[in-house]
Amino acid sequence: MISIKQIKSISELQLSDTELNKMREKINCVTISYIDIRSQLSSPIHINATIAILVLSGTATLCVNYKEYHLTVNSITVLSSSHLLLFSECSSDFTAQSLFVSKEFMDEMDSTDMIYKRIKYGVRLYSTPVIQLQNNQSSLLSARIASINSTIDNPDHLYYKEMILNSLFAFYLDLSNIIDRTSDSNNDGNFTRYENIIKSFIGLLIENYRKEHKVDFYASQLNITTHYLTLVVKRITGQSVSDFIFEMLYSEARQLLTHSKLSIQEIAFTLSFSDQSSFSKFFKRKSGVSPVEFRKGDNLK
């Protein structure tokens, strides 16, 4: 029998009694139980969001991209929309805090520096998405998720969206800190060849993404073929080289449109697009609106 793969958005998941409002369709925190697992997550599914699942009690077996992981108390699973997941087993006392963040909302948070941090731990977590936390680390992340959840429940705050973004940013900074320290202590610099290539690519990307938009530049700097770089990045992260380049460019474009007085033409020049038209087409493909519309909309918030 062939399993049917589903793709669901946050709003299509029915994991708790929490009433979904417009904000919770973009970012949601829920405590999932055995009942939720059996009804919603026991068949193969892609969830169109970045996901964190922190186990509070019980045990479960989680299949991610057809590989099994045993989940116990204080384990955290971090997944992207490119991960295929399902729970094949789950104890009746299983509970976990879960955080779902849509790409739309993640884009609001992502400065280029935050993207860099996410890329760094994403390299580690794409192929091994489950890590075991110490009690104090688990308590810290649990408190961060609870803070995000309570902030979502306070829509009357004058700076509602900014408060949620700041709470989310704090969660990811703590997560990144934990992963960096865990990786450093566990590996002592002994990266695989693939991971060394990714690490070098990320360093090049941070230095050059404003000027160099083509994959072959990064491959030549690493003395490998374009095909090999593409293969390595896709295999380790689930994303293409171009995905990373464009994500950095899009984040920088958003920042410049929001926080600078540069004209659209000057931003296009700063980011090394051939002209304003090509920049505008790129931005509209990513955001659904033109740079002018985005800037006007931001000013009206």
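This passage walks through a predicted model of one protein chain, from the overall fold down to a few individual residues.

Taken as a whole, the protein chain has twelve helices and ten strands. Of its 301 residues, 48% are buried. About 15,400 Å² of the chain is exposed, and carbon and sulfur atoms supply 50% of that area. As for how the chain packs against itself, residues 24 or more positions apart account for 72% of the contacts with a separation of 6 or more.

The sheet makes a handy starting point. Five strands build an open sheet in the order E2-E9-E4-E7-E10, with antiparallel pairing. Strand E2 (27–33) and strand E10 (130–132) stand at the edges with a single partner strand each, so one side of each is left without a neighbour in the sheet. On average, and ignoring direction, neighbouring strands of this sheet are turned by 20° against each other.

Within that sheet, strand E7 (residues 75–79) is worth a closer look. On one flank, four bridges join E7 to strand E4 (residues 50–57), and these two strands run antiparallel. One pairing here is that of isoleucine 51 with leucine 79, its bridge partner in E7. On the other flank, three bridges join E7 to E10, again with antiparallel strands. There, threonine 77 has valine 130 of E10 as its bridge partner. Five of the five residues of E7 are buried, so the strand is largely enclosed by the rest of the structure. Ser75, Thr77 and Leu79 point one way from E7, while Ile76 and Val78 point the other way, and all of them are buried.

Threonine 77 shows what this looks like for a single residue. Threonine 77 sits in strand E7 and counts as buried because its relative accessibility is 0%. Setting aside neighbours within four places in sequence, threonine 77 is in contact with Ile51, Ala52, Ile53, Leu62, Leu71, Pro129 and Val130. Val130, one of these contacts, is also the bridge partner of threonine 77 in E10.

Leading into E7 is a backbone oddity. Asparagine 74 is found in the loop between strand E6 (67–71) and E7. Asparagine 74 has a positive phi of about 75° although it is not a glycine. Most residues other than glycine have a negative phi. With a relative accessible area of 12%, asparagine 74 is buried.

Next come the helices. Helix H4 (residues 135–152) lies across E2, E4, E7 and strand E9 (95–101), and runs at about 125° to E2. At 1.5 Å a residue, the 18 residues of H4 should span 26 Å, and the end C-alpha atoms are indeed 26 Å apart. The buried residues of H4 are Gln137, Ser138, Leu141, Ser142, Ile145, Ile148, Thr151 and Ile152. Several of these names recur at steps of three or four along the helix. An α-helix has 3.6 residues a turn, so residues three or four places apart point the same way.

One of those buried H4 residues, Ile148, also gives a link to helix H5 (residues 160–187), where asparagine 166 lies. The C-alpha atoms of asparagine 166 and isoleucine 148 are separated by 8.8 Å, with their positions 18 residues apart along the chain. Unlike the buried Ile148, asparagine 166 counts as exposed, at 52% relative accessibility.

Helix H8 (residues 226–237) tells a similar story about length: at 1.5 Å a residue, its twelve residues should span 16 Å, and the end C-alpha atoms are 16 Å apart, which agrees. In H8, the buried residues are Leu229, Val232, Val233, Ile236 and Thr237. These residues cover an arc of only 95° around the axis, which puts them on the same side of H8.

Both ends of H8 come with a positive phi in the neighbourhood. Ahead of the helix, asparagine 223 lies in the loop between helix H7 (215–221) and H8. Phi of asparagine 223 is near 60°, a positive value in a residue other than glycine. Asparagine 223 is exposed, with a relative accessible area of 70%, whereas asparagine 74 is buried. Just after H8, glycine 238 takes a positive phi of about 80°.

How values were computed
Residues are numbered from 1 along each chain as its sequence is written. This is a predicted model: local features need pLDDT of at least 70, side-chain atom pairs count only at pLDDT 80 or more; totals for chains, interfaces and linings use all residues. Side-chain values use heavy atoms; hydrogens and water are left out. The expected span of a helix is 1.5 Å times one less than its number of residues. Buried means under 20% relative accessible area, exposed over 50%, partly exposed in between (1.4 Å probe, protein chains only). The arc is that of the directions from the helix axis to the C-beta atoms. Two strands pair if DSSP finds at least two bridges between them. Axes are lines fitted to C-alpha atoms, for helices over the stretch in contact, and angles run from 0 to 180 degrees between N-to-C directions. Contact means heavy atoms within 4.5 Å. Accessible areas come from the Shrake-Rupley method with a 1.4 Å probe; for residues, only the protein chains shown count as cover.
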